[in-house]
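Welcome! Please take a look at the sequence and structure below, and then we will walk through them together.

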Protein chains: 2
Amino acid sequence: MKLSTKGRYGLRALLDVALYAEEEPVSLRNISERQGISEAYLEQLMPKLKKAGLIESTRGAAGGYRLTRPASEISVGDVLRALEGELDAVDCPGLKEKPDGEEGCTNADTCVTKYVWQQINESITKTVDGIKLGTLVEQSRHLHDAYHEI
Amino acid sequence: MKLSTKGRYGLRALLDVALYAEEEPVSLRNISERQGISEAYLEQLMPKLKKAGLIESTRGAAGGYRLTRPASEISVGDVLRALEGELDAVDCPGLKEKPDGEEGCTNADTCVTKYVWQQINESITKTVDGIKLGTLVEQSRHLHDAYHEI
DNA sequence: ATAAATCCGAGTAAAATACTAAGAATTCGG
DNA sequence: CCGAATTCTTAGTATTTTACTCGGATTTAT
């Protein structure tokens, strides 16, 4: 798993939608101003979230983006996978680099390290799928309230 | 955490040292042949492992590399950090990008996503630090024995 | 001496990243 | 119906990272 700005900005963008799109859809302009991310860059991110079925869009004036389902049913893993692609699926080189007769893993070392990558991937997957966007929305509202001392 | 070939090859290289450097040190040539990694590329990897204090080297003919401490006391995390640098420490942009008067996180969303990156980093760290090189050595020997049906 | 090694520094081609730019297509409000 | 606000689509580009290679200097066992 690589955490580039794609993933970081994208999650913030989606969180923004979750927070502010209850009545009207939020536009790129809105997100851009609130999050300090350029509209042009967001234009690259949103289609990915849409293709993944996380948001829907309305075009034209007063258009913008909405979540397709409740924030509680969207995991951070869903978002990151939509933006960054599959989590670091490290494949076993022993199998691919020798397309001659030899079957299986002749190199025991390779197989053993493969086990390491799998462990890492599993722990990442478990973590990101365990955090729901809904939780982040709640936390964000708490923080916001605290900051304004309501 | 980024899993590039640096980390993947490097872990295999160190595992090779752990497996074969009991009597004599292992040379780059040895590792290269057994692991199918070019000597030239290994030349770039080994110094990192050495700087991190994981291996020691003897120069000249019959020279090579050895572990500095038992494999059971080296974690995969030690190795990957030595090779890839720090694990994805995602910093809070809210704090850095505004060096004017404003204190703390004015952007609650940013703070909330920051919590996500911390969770991810922690789970990765816990995983890689939990796997010891010694364990991999044992597993590798088992696999090797099974393959040769001893 | 000679050969086998580690060291050291530089260089480089390809890919990924982090953007920006421009214009077409759509839709609402007046 | 017009115009402004939007999303959509495609392309381009500068920077950084990755994954290497290469040449030669230095050290050391035999």
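In this predicted model, helix H4 of chain A spans residues 76–84, and its buried residues are A:Val76, A:Val79, A:Leu80, A:Ala82 and A:Leu83. These residues cover an arc of only 160 degrees around the axis, so they sit on the same side of H4(A). Just after H4(A) comes A:Gly85, which takes a positive phi of about 85 degrees.

A:Val79 also appears in a bigger picture. The largest nonpolar core has 64 residues, and A:Val79 is one of those with the most contacts inside it, together with A:Leu14, B:Leu14 and B:Val79. What is B:Val79 in contact with, leaving aside its neighbours within four places in sequence? The partners are B:Gly10, B:Leu11, B:Leu14, B:Leu54 and B:Ile74.

Now for the way the two chains meet. On chain B, 33 residues are in contact with 33 residues of chain A. Helices H1 (5–20), H6 (108–130) and H7 (133–147) of chain B each give two or more residues to this side, and H6(B) gives the most, with 14 residues. Here is that side of chain B by class:

| Class | Residues on the side of chain B that touches chain A |
|---|---|
| Nonpolar | 18 residues |
| Polar | nine residues |
| Charged | six residues |

Of the interface residues of chain B, 100% are also interface residues in chain A, so the copies meet through the same surface.

How do the copies relate? A turn of 180 degrees, with a shift of 0.0 Å along the axis, lays chain B on chain A with an RMSD of 0.0 Å. The two copies are therefore related as by a two-fold rotation axis. Within chain B, B:Lys2 comes closest to the rotation axis, at 2.7 Å (C-alpha).

Technical notes. Residues are numbered from 1 along each chain as its sequence is written. Chains are lettered from A and ligands numbered from 1 in the order in which they are written. This is a predicted model: local features need pLDDT of at least 70, side-chain atom pairs count only at pLDDT 80 or more; totals for chains, interfaces and linings use all residues. Two residues are in contact if their C-beta atoms, placed from the backbone, lie within 7 Å. Helices (H or I, at least four residues) and strands (E, at least two) are DSSP runs, numbered from the N terminus. Ala, Val, Leu, Ile, Met, Phe, Trp, Tyr, Cys and Pro count as nonpolar, Asp, Glu, Lys and Arg as charged, and the others, Gly among them, as polar. A nonpolar core is a set of buried Ala, Val, Leu, Ile, Met, Phe, Trp, Tyr and Cys residues joined through C-beta atoms within 7 Å. A residue is buried if 20 or more other C-beta atoms lie within 10 Å of its own, exposed if 12 or fewer, and partly exposed in between; C-beta atoms are placed from the backbone. The arc is that of the directions from the helix axis to the C-beta atoms. Copies are superposed by least squares on the C-alpha atoms of residues with pLDDT of at least 70 in both.
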